[in-house]
Amino acid sequence: IYSTLVETSDHYKRGDFLAEAIRLRCSAQRLGSKLPHHLIYGGGLSEEELFVLRRFGYTIEDRSSEVELMKRVYRPVYSAARARSDGRQWSSTVNVSNRS
């Protein structure tokens with residue numbers, strides 16, 4: 001499982017990213033996932049916070065030296081209408097982030 005830790009001006013979530021990452025990992029485990037969980041990390045956390053994420057089972061993929069590249073390639077889509085206009089796929093049959 002790959003996750004990203006991002007904070008952008010258009011990001012739909014505001015809040016404690018460390019707590020959200022831990023919640024995501026715990027949810028996957030509670031549902032029986034045995035898959036490794038990688039976090040694509042772009043910087044902004046302390047060594048102590050990264051230690052906590054590792055303790056919860058994350059493998060940290062440190063991309064903090066590639067921030068400009070990540071800004072160019074990171075293109076989140078938050079709605080089916082936007083996905084259609086961008087020619088991207090969208091799943092409305094799986095309730096992920098209250099998608100519709």
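Two strands are taken to pair if DSSP finds at least two bridges between them. In this predicted model, β1 meets that criterion with strand β2 (residues 37–41), to which it is joined by four bridges, the two strands running parallel. Within this pairing, T4 has I40 of β2 as its bridge partner.

The strands belong to an open sheet of three, in which the order is β1-β2-β3 and the pairing is parallel. Because β1 (2–5) and β3 (58–62) each have a single partner strand, both stand at the edges of the sheet, and one side of each is left without a neighbour there. From one strand to the next, the twist averages 30°.

Two helices accompany the sheet. Helix α1 (residues 17–30) lies across β1, β2 and β3, and its course runs at about 130° to β3. Helix α2 (residues 47–55) also packs on the sheet, where it touches β2 and β3. The direction of helix α2 makes about 135° with that of β3.

The surroundings of I40, a residue of strand β2, were examined further. Not counting residues up to four places away in sequence, I40 touches Y2, S3, T4 and L5, together with E61, R63 and M70. Of these contacts, R63 is separated from I40 by 23 residues in sequence, yet the C-alpha to C-alpha distance is 6.6 Å. The relative accessibility of I40 is 24%; I40 therefore counts as partly exposed, since the buried class is confined to values under 20% and the exposed class to values over 50%.

Methods: Residues are numbered from 1 along each chain as its sequence is written. This is a predicted model: local features need pLDDT of at least 70, side-chain atom pairs count only at pLDDT 80 or more; totals for chains, interfaces and linings use all residues. Side-chain values use heavy atoms; hydrogens and water are left out. Axes are lines fitted to C-alpha atoms, for helices over the stretch in contact, and angles run from 0 to 180 degrees between N-to-C directions. Contact means heavy atoms within 4.5 Å. Buried means under 20% relative accessible area, exposed over 50%, partly exposed in between (1.4 Å probe, protein chains only).
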